[in-house]
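This report describes the architecture of one protein chain and then turns to selected helices, loops and side-chain contacts.

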Amino acid sequence: MPVHPAMPVSPARTPRRLLGALAAGLVLTFGLAACSGGAAPEAASDTRVFSTDLGDVTVPTEIERIVSVDFYTPGALMDVGVTPVGVVNTYFTDTEGDAIPTAYTTEIAASGAESIGEYYELNVEAIAKANPDVIIATNDFLPMDAELRPQLEKIAPIVTFTARDSLSWKTRADAVAELLGKEAELAPVKEEYETRLAEVREAHRDFLDNNTIAIFVPSQEATWGTYAPTHFTGGVWSDLGAKYREQAEDEINESGFPNWFSYEELGRLENADVLLQQTAELPEEITSGNAIWEKLPAVQNNLVFPNIDRSPTGSYGWALENINDIDALLTEIDARIASR
């Protein structure tokens with residue numbers, strides 16, 4: 001993180017009472033020697049420049065109060081011992097751990113943090129009330145050209161991270177620790193996750209090497225899509241090295257999100273060995289005598305499972321929960337395959 005200190009400032013010189021000609025000469029001599037000996041010390045700067053892949057931003061040298069206007073970064077902050085003073089409202093309402101690990105929501109509830117609205121409808125007054133030194137955002141929830149940015153920049157500088165790649169949670173968590181000078185605090189959390197990741201990869205190597213998965217998303221409008229391996233929902237699956245089914249070009253839009261198809265095109269999923277549904281239950285239109293669905297290899301082999309909870313990942317602590325859940329799911333899948 002490059003630092004741009006202020007220009008050197010010469011300290012004020014205090015006149016002294018001279019006690020005699022000899023003393024005056026000595027003072028003059030030492031004064032000239034001091035002047036020729038080097039530059040005056042630089043004054044400390046109260047700002048610095050922090051760089052992300054979306055650009056540079058000038059932030060305070062000391063950052064104590066942080067508002068996160070995205071859904072995932074609060075977890076990365078709490079992993080390094082920093083509780084944000086403002087978070088999106090889901091951190092107050094998701095008390096059962098459906099979307100966010102309860103370790104984070106419990107800490108937020110006890111902290112006195114402000115609710116700043118939801119990522120799709122931010123409350124500027126609440127953000128200002130939280131009095132942040134820095135606002136942290138991701139470019140999916142607050143694009144660089146968002147109309148709201150000028151208002152937020154009047155409150156505090158905005159540090160923006162990339163969000164849409166499946167492994168952007170890792171680079172974001174690393175960068176948050178760097179921003180706060182908390183790399184040492186992150187190290188044990190990161191090491192625990194990486195160690196567990198390697199263990200799970202080794203335990204399920206045969207499955208990972210020889211099977212393809214599809215993260216299958218049925219919608220309420222009788223349509224379906226599948227998430228690409230680059231989609232943030234599969235962050236830990238991708239880190240584990242899971243093989244995704246090959247998607248046709250028309251199945252992914254320019255943003256990396258699914259394009260949607262009718263149930264008449266479910267046959268596209270015939271190249272997936274295992275289907276991981278991104279819903280608790282499958283719609284009745286699929287399960288009640290849909291001949292195309294019933295012919296899919298994953299369906300015939302009874303290899304359709306709900307995906308892990310909280311599969312979008314915000315931090316290493318969050319990812320540790322995910323890899324443990326994936327381990328349990330893969331153990332179940334391995335047993336199902338072995339019993340065929």
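## Basis and overall architecture

Helices and strands are here DSSP runs, numbered from the N terminus, with at least four residues for a helix and at least two for a strand. In these terms, Thr313 belongs to the loop between β15 (304-306) and α14. The model is a predicted one.

The chain contains 14 helices and 15 strands. Of its 340 residues, 44% are buried. The accessible surface amounts to about 17,500 Å², and carbon and sulfur atoms contribute 51% of that area. When contacts between residues at least 6 apart in sequence are considered, 68% of them join residues at least 24 apart.

## Helix α7 and its ends

Helix α7 covers residues 168-180. Its 13 residues should span 18 Å at 1.5 Å a residue, and because the end C-alpha atoms are 18 Å apart, the expected and modelled values agree. Ten of the 13 residues are buried, so that the helix is mostly covered. Among them are Trp169, Lys170 and Arg172, together with Ala173, Val176 and Leu180. Just after α7, Gly181 adopts a positive phi of about 65 degrees.

Ser166 is located in the loop between β9 (158-161) and α7. Its relative accessibility is 5%, and it therefore counts as buried. A polar atom of the Ser166 side chain lies 3.2 Å from the backbone oxygen of Pro229, and a polar contact of 3.5 Å joins the side chains of Ser166 and Ser238. With neighbours within four places in sequence left aside, the contacts of Ser166 are Pro229, Thr230, His231, Phe232, Gly234, Gly235 and Ser238.

## Helix α8

Helix α8 runs through residues 183-203. For its 21 residues a span of 30 Å is expected at 1.5 Å a residue, which agrees with the 30 Å between its end C-alpha atoms. The buried residues of α8 are Leu186, Tyr193, Leu197 and Val200. These buried residues pack against α7, α10 (235-240) and α14.

An α-helix has 3.6 residues a turn, so residues three or four places apart point the same way. Glu191, also in helix α8, has 54% relative accessibility and therefore counts as exposed. Between Glu191 and Tyr316 there are 9.1 Å in space, C-alpha to C-alpha, although the two residues are 125 apart in sequence.

## Helix α14 and the preceding loop

Helix α14, residues 316-338, has 23 residues. From first to last C-alpha it reaches 32 Å, close to the 33 Å expected at 1.5 Å a residue. Its buried residues include Tyr316, Trp318, Asn322, Ile326, Asp327 and Ile333. The N-terminal end of α14 is capped by Ser315, with a side-chain oxygen 3.2 Å from the backbone nitrogen of Trp318.

Thr313, in the loop that precedes α14, has a relative accessibility of 5% and therefore counts as buried. Its side chain reaches the backbone oxygen of Ser311 at 3.1 Å, and a polar contact of 2.8 Å links it to the side chain of Asn322. Beyond neighbours within four places in sequence, Thr313 is in contact with residues including Trp169, Arg172, Phe232, Trp318 and Asn322.

## Aromatic groups

A search of the whole structure yields 16 aromatic pairs. Ring pairs connect Phe71, Tyr72, Tyr91, Tyr104, Tyr119, Tyr120, Phe141, Phe232, Phe257 and Trp318 into a cluster. Of these residues, Tyr72, Phe232 and Trp318 are also among the contacts of Thr313. Elsewhere, Arg268 lies over the face of Phe261, at 4.0 Å from the ring centre.

## Backbone angles in two loops

Most residues other than glycine have a negative phi, and most peptide bonds are trans. Ala222 has a positive phi of about 60 degrees although it is not a glycine. This residue occupies the loop between β10 (212-218) and β11 (223-227); at 32% relative accessibility, Ala222 counts as partly exposed.

Arg310 likewise has a positive phi, near 55 degrees, and lies in the loop between β15 and α14. The relative accessibility of Arg310 is 15%; buried means under 20%, and Arg310 therefore counts as buried.

Conventions: Residues numbered from 1 in each chain as written. Predicted model: local features only at pLDDT ≥ 70, side-chain atom pairs only at ≥ 80, totals over all residues. Heavy atoms only, no water. Buried < 20%, exposed > 50% of the residue type's maximum accessible area, 1.4 Å probe, protein only. Contact = heavy atoms within 4.5 Å. Areas by Shrake-Rupley, 256 points an atom, 1.4 Å probe, with all protein chains shown as cover. Expected span 1.5 Å × (residues − 1). Polar contact = N/O pair within 3.5 Å; in protein donor to acceptor, adjacent residues only side chain to side chain. Phe/Tyr/Trp six-rings, centres within 6.5 Å; stacked < 30°, edge-to-face > 60°. Lys NZ or Arg CZ within 6 Å of the ring centre and 35° of its normal.
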